[in-house]
Amino acid sequence: MGRYEDCLETINRQMALLAEPSADLLVSRAKLQLLRGESRRAFDDVQQALEIDNTHLQANAVMQKLQQQAADFKEEAIDLQLQGKFSEAIIRLSSSIAFHPDIANSYFLRFLPDIFYYNFFSSVTFKSK
């Protein structure tokens with residue numbers, strides 16, 4: 001794990017020397033952050049790289065991977081919710097949001113178990129005959 005830290009430190013030093021961030025350095029840092037499990041930081045760096053250059057091939061490729069991973073986690077979460085495994089589903093949805101925070105419906109899906117489980121039965125009134 002020390003090598004990743006050294007690489008990140010080198011990239012951060014190089015970025016500090018620049019007047020404006022470099023898309024190449026941001027993408028390199030994002031890739032390292034993904035290797036370290038820091039998907040949210042990776043997303044932020046890739047997004048910033050795309051703001052600098054929206055045609056940057058590596059930035060677009062990394063963003064596509066982040067979007068795909070977020071979609072995969074979301075799909076797993078939906079399957080888990082249907083199986084009644086709400087705690088596991090929430091973990092998957094949180095991972096989906098970390099990989100791509102702009103997928104707004106993941107936020108909603110993360111709270112569906114609470115809405116259904118706690119509020120549905122308390123809000124339904126049954127009429128006796």
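A salt bridge here is a side-chain nitrogen of Lys or Arg within 4 Å of a carboxyl oxygen of Asp or Glu. All the views below come from a predicted model.

**Figure 1. Arg-29 and Asp-45 form a salt bridge.** Zoom in on this pair and you'll find the closest N and O atoms 2.6 Å apart. The contact links distant parts of the chain: Arg-29 sits in helix 2 and Asp-45 in helix 3, 16 residues apart. Arg-29 is buried, and Asp-45 is buried too. A search of the whole structure turns up 7 salt bridges, and the next two views show others.

**Figure 2. Glu-9 and Arg-13 meet within helix 1.** Their side chains come together in a salt bridge, at 3.0 Å from N to O. Both residues belong to helix 1 (residues 2-17), and they are 4 residues apart, about one turn of the helix. Glu-9 has 46% relative accessibility, so it counts as partly exposed. Arg-13, with a relative accessible area of 47%, is partly exposed as well.

**Figure 3. Salt bridges join up into a network.** The members here are Glu-5, Arg-36, Glu-38 and Arg-41. One of the links is between the side chains of Glu-38 and Arg-41, which meet at 3.5 Å from N to O. Arg-41 has a relative accessible area of 51%; exposed means over 50%, so Arg-41 makes it into that class.

**Figure 4. Phe-73 and Phe-99 make an aromatic pair.** Search the whole structure and you get 1 aromatic pair. The ring centres of Phe-73 and Phe-99 are 5.5 Å apart and the planes lie at 35°, so the pair is tilted. Stacked would take planes under 30 degrees apart, and edge-to-face would take over 60. This pair, too, links distant parts of the chain: Phe-73 is in helix 4 (residues 57-82) and Phe-99 in helix 5 (residues 86-99), 26 residues apart. Both phenylalanines, Phe-73 and Phe-99, are buried.

**Figure 5. Gly-37 sits in a loop between two helices.** Helix 2 (23-35) is on one side of that loop and helix 3 (39-52) on the other. Is Gly-37 buried or exposed? Gly-37 is exposed, at a relative accessible area of 61%. Phe-99 from the previous view comes back here: the C-alpha atoms of Gly-37 and Phe-99 are separated by 10.0 Å, with their positions 62 residues apart along the chain. Phe-99 itself is buried, whereas Gly-37 is exposed.

Note on methods
Residues numbered from 1 in each chain as written. Predicted model: local features only at pLDDT ≥ 70, side-chain atom pairs only at ≥ 80, totals over all residues. Heavy atoms only, no water. Phe/Tyr/Trp six-rings, centres within 6.5 Å; stacked < 30°, edge-to-face > 60°. Buried < 20%, exposed > 50% of the residue type's maximum accessible area, 1.4 Å probe, protein only.
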